[in-house]
Amino acid sequence: MTTTSEPLDVQPTPLALLLLGRESDPRSERGVDCPGDLPAPSDPDLVERARAAKAKLGEKVFVLGHHYQRDEVIQFADVTGDSFKLARDAAARPEAEYIVFCGVHFMAESADILTSDAQQVILPDLAAGCSMADMATAEQVAECWDVLTEAGVADVTVPVSYMNSSADIKAFTGRHGGTICTSSNAKRALEWAFQQGEKVLFLPDQHLGRNTAVREMGFSLEDCVVYNPHKPNGGVTAEQLRDAKMILWRGHCSVHGRFSLDSVEDVRARIPGVNVLVHPECKHEVVAAADHVGSTEYIIKALEAAPAGSSWAIGTELNLVRRLAKAHPDKQIVFLDKTVCFCSTMNRIDLPHLVWALESLADGKVVNRIQVDRETEHFAKLALERMLALP
C-alpha cells in the first residue's frame, strides 16, 4: 500500500539563505576564495560538462559523495557514504590518481591521510568546512590538556575524538594514546578508552559523547562535565574534573543541534504513530524522546527495513531526508523540524564547483588539493589505526 508523504517543503531562515549563497562564512574551516572562474549556475550545459570531464579523466578520477550532498552533485559520485566509509573507499582505489571529495574539509583530510602518496585529494570548494570541527582548534585542545595536567588528571585521561574533527585534533589524539570514533562505533571506542584510563576527554561533539555514555554505557549526567574553551580553565574546577568520568568538549553540530524537544512533540501531535528517528549528534533531551537513535548509515538501513505504510520523522540533514523520502514512496517520511536544516558549508559544493574541479583536472591542472603534513598525518593515522583495531 502506498501512502501519501507529508511534503518536505520547509521554510529557510534568512541566515540559512545567506550561508547557502557564496558569501564568506566566518566560521568555515578554510578560506572562501576560489582560484578560478566558476561556470555560471544558470549554464544549461553543466551536467553534460561534468559528464564529459569525468569521462575524459576515466579511471584517473574517483568521485566521493557524502550523504548530505545536493542531488545535483550526488549524481556524479562513484560511491556515497559517511565520512569514514568514503575515506576508506578512496584508499581502496589506488589506481585513482585524483580523489574528488564532495564533502567537507576534515573529510578530505582523512582521505589524504588514508590514501597513498601517489593520490591527490581534491575539495571542489575550500569553503566547505565544518562548524563542529572548527569548535576545537589545536591551540585550544593543548590548553585544555594543560588544565587537565594542573588538575592532576591528564595521566588518567584518554582522548577520544569524533571523526568530525580536523587532522590536527586527530594528531593530538594519536600523540596522547587516544583513538578516533564514528557515530557507529562510539560505544566501542569509549569502552576501549576506559580500559586504558579512568576518564575520557571527548572531542569535539559534546552530544555524541554524552548520549553514548549515558544511553549506552550506564553513566549518569552527573558523570559528565562540559569543558568550554572560551572560558578560563574551561569554566570548570579542578574538583569537577577529578570527579568526572566524561570530559565533554563544548562543541556541537549546527544541523543536529537545531532539533528540539518541541520538534518531537509537534510531529507526534501531527502524525499519530510516527516513529521518531534521530542522529546521536542531537541534544540529549531529543535523543531521550526519540524512538530510534543511530548514525547516518543506521538511519538509511532502518528505513530500508521499515514496513510499507509506516510513518517516520527523521532528525538529520535535509538533503538526506528528502532523498530517503523519494527512495521510499511506500512510507511516510517527514523532516523532524519545520525550518531548513541543510548543512550550509556542505552545500557550498554545488555543480559549478564540481564542474570547475573536474574540468581543471581534465586539463592537467590540480586545484584545491588537500594535503596533510607528514608529522600530523603520522599521529592522526596512529589514532585512526587504533580505531580500526577495535574489536
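**Group meeting: a walk through the predicted model**

Okay, let's begin with confidence: this is a predicted model, and the chain's pLDDT averages 89, with 90% of the residues at 70 or better. The weak part is at the start. Residues 1–7 have a pLDDT below 50, and that stretch makes 19 contacts in the model beyond its near neighbours in sequence. Residues 9–34 stay under 50 as well, with 58 contacts beyond four places in sequence. Where pLDDT is low, the coordinates shouldn't be read in detail. So please don't lean on the contacts of those two stretches.

Now the overall picture. We have 17 helices and 14 strands in the chain. Out of 391 residues, 58% count as buried. The accessible surface is about 16200 Å², and carbon and sulfur atoms account for 49% of that. If you take contacts between residues at least 6 apart in sequence, 69% of them join residues at least 24 apart.

On to the inside. In soluble globular proteins, nonpolar side chains tend to be buried together. Here, the largest nonpolar core has 108 residues. Which residues have the most contacts inside it? They're Val100, Phe202, Val278 and Leu358. Helix H16, residues 351–362, gives this core its largest share, at 8 residues. There's also another core lying apart from it, with 20 residues, including Cys144 and Leu241.

Let's stop at Val100 for a second. Leaving out residues up to four places away in sequence, Val100 touches a run of residues from Val61 to Leu64, namely Val61, Phe62, Val63 and Leu64. It also touches Ile122 and Pro124. And then there are Leu354, Leu358 and Leu361, so if you have H16 (351–362) on the screen, look there too.

Next, a sheet. This one is open, with 4 strands in the order E11-E10-E12-E13 and parallel pairing. Which strands sit at the edges? Strand E11, 292–293, and strand E13, 332–335, each pairing on one side only. Strand E12, residues 311–315, runs parallel to E13, and 4 bridges join them. If you want one pair to click on, Ala313 has Val334 in E13 as its bridge partner.

Last topic, charges. Side chains of opposite charge can pair when their charged atoms come close. How many salt bridges does a search of the whole structure find? The count is 11.

Helix H12, residues 261–270, is a nice place to look. Asp266 and Arg270 form a salt bridge there, at 2.7 Å from N to O. Why can they reach each other? Because they're 4 residues apart in the helix, Asp266 and Arg270 are separated by about one helical turn. Asp266 is partly exposed, at 27% relative accessibility, and Arg270 is partly exposed too, at 31%.

Arg268 pairs with Asp291, with the closest N and O atoms 3.1 Å apart. This pair links distant parts of the chain: Arg268 is in H12, while Asp291 is in the loop between helix H13 (284–289) and E11, 23 residues apart. Arg268 is partly exposed at 32%, and Asp291 is partly exposed at 39%.

And finally, Arg49 forms a salt bridge with Asp43, with the closest N and O atoms 2.7 Å apart. Arg49 is partly exposed, with a relative accessible area of 26%. Asp43 and Arg49 also belong to a network of salt bridges with Glu359. That's my tour, thanks!

Definitions and conventions. Residues are numbered from 1 along each chain as its sequence is written. This is a predicted model: local features need pLDDT of at least 70, side-chain atom pairs count only at pLDDT 80 or more; totals for chains, interfaces and linings use all residues. Side-chain values use heavy atoms; hydrogens and water are left out. pLDDT is the predictor's confidence in each residue, from 0 to 100. Contact means heavy atoms within 4.5 Å. A nonpolar core is a set of buried Ala, Val, Leu, Ile, Met, Phe, Trp, Tyr and Cys residues joined through side-chain atoms within 4.5 Å. Buried means under 20% relative accessible area, exposed over 50%, partly exposed in between (1.4 Å probe, protein chains only). Helices (H or I, at least four residues) and strands (E, at least two) are DSSP runs, numbered from the N terminus. Two strands pair if DSSP finds at least two bridges between them. Accessible areas come from the Shrake-Rupley method with a 1.4 Å probe; for residues, only the protein chains shown count as cover. A salt bridge is a side-chain nitrogen of Lys or Arg within 4 Å of a carboxyl oxygen of Asp or Glu.
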